[in-house]
Amino acid sequence: MTAFWNVLRVNTLMEYVELKRYKANTISLLLTFYIIFVAMMFGIQVIGDPAQASTNTQYVIVNYIFWYFGMMTLQSIGWTISDEAMKGTLEQLFMSPVKPWKILLSRLLGTIFNHFVLVIGLLFLSMVTAGEWLNLNPVSIFPILVLTLAGMIGTSFIVAGMALIFKQINAFLQILQFIVAGLTFVPLSVAPYMVAAPFVKGVDMTRQIMINGYTLADFSMSDYAWLIGNTIVYGIIGFTFYIACEKHAMKKGLLGHY
């Protein structure tokens with residue numbers, strides 16, 4: 001546990017240093033998402049129903065924040081493996097006394113922590129711009145957000161396993177942006193079958209809290225069952241898939257090839 005904590009601390013600091021050192025890239029990333037939000041808000045106000053403009057704007061704020069967070073989480077370790085393979089340092093990752101999946105998990109948690117701080121700033125900037133204030137109830141949001149992120153982490157290990165085998169998956173990661181957008185923007189009231197998709201239930205419950213003022217007591221046992229079950233299932237699938245890909249890559253000697 002001490003070894004993992006040290007790895008987690010170092011990787012969180014590394015992620016912070018990269019965001020700070022490459023300010024232009026960090027600012028460009030945030031500015032891009034902010035411009036996308038402004039464009040969406042402008043579109044709603046111009047061509048949308050004026051009576052629903054306020055509610056629709058709130059939906060956009062929550063959805064695009066989760067879109068940002070979802071992309072950062074799902075793509076993180078996939079990009080890490082592809083980048084390490086391209087640099088020729090992927091094998092060094094597997095020579096560490098700490099298991100590779102723990103290193104990748106620590107990097108992912110470091111990314112989540114650092115980008116969570118950026119997301120909060122982006123959230124408040126969006127609310128100020130739109131003049132719409134969401135219900136930010138940390139007591140209700142935090143436990144659901146943790147379970148939602150756990151499901152995202154499990155799904156990200158599926159992407160990591162693919163990167164370990166195929167190395168170059170940039171095209172898929174670009175397509176993944178649109179998949180994540182669909183998972184975060186489409187509400188369950190419109191497509192109930194998407195409740196089985198990764199992290200969708202968590203996003204929908206968070207949306208209910210932030211827009212409609214729900215508390216933890218307002219959700220049914222069925223809601224919690226879907227949320228927890230979804231997290232467990234995709235966590236197990238993601239980790240199992242990654243371990244299988246890792247064993248295959250080591251057996252076939254794929255770690256040293258790009």
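Me: What makes a residue buried, exposed or partly exposed here, and why is Ile 120 called partly exposed?

Reply: Buried means under 20% relative accessible area, exposed means over 50%, and partly exposed is in between, with a 1.4 Å probe and protein chains only. Ile 120 has a relative accessible area of 35%, and is therefore partly exposed. Its place is in helix α5, where a helix is a DSSP run of H or I with at least four residues, numbered from the N terminus. This is a predicted model, in which local features need pLDDT of at least 70 and side-chain atom pairs count only at pLDDT 80 or more, while totals for chains, interfaces and linings use all residues. Residues are numbered from 1 along each chain as its sequence is written, and side-chain values use heavy atoms, with hydrogens and water left out.

Me: What makes Phe 199 buried, and what is notable in its phi?

Reply: Phe 199 has a relative accessible area of 3%, so it falls in the buried class. The residue sits in the loop between α7 (170-185) and α8, and its phi is near 60°, a positive value in a residue other than glycine. Most residues other than glycine have a negative phi.

Me: Which residues form the nonpolar patch that includes Ile 120, and what makes it a patch?

Reply: Phe 116, Ile 120, Phe 124, Val 128, Trp 133 and Leu 136 form this patch on the surface, with about 560 Å² of accessible area together. A patch takes residues with over 30% relative accessible area and no salt bridge, and joins nonpolar side chains (Val, Leu, Ile, Met, Phe, Trp, Tyr) within 5 Å and like charges within 9 Å. A salt bridge is a side-chain nitrogen of Lys or Arg within 4 Å of a carboxyl oxygen of Asp or Glu, and the areas come from the Shrake-Rupley method with a 1.4 Å probe. With its 35%, Ile 120 lies over the 30% limit.

Me: How do you know which classes of residue line the second largest pocket?

Reply: Its lining has 15 nonpolar, two polar and no charged residues, where Ala, Val, Leu, Ile, Met, Phe, Trp, Tyr, Cys and Pro count as nonpolar, Asp, Glu, Lys and Arg as charged, and the others, Gly among them, as polar. Of the 17 lining residues, the closest to the centre of this pocket are Phe 116, Leu 123, Ile 141, Leu 145 and Met 210. The largest share, five residues, comes from α5.

Terms used
1 Å grid on protein atoms, 1.4 Å probe; cavity = no way out; pocket = protein on both sides within 12 Å on 5 of 7 lines; lining within 4 Å. Helix = DSSP H or I, 4+ residues; strand = E, 2+ residues; numbered from the N terminus.
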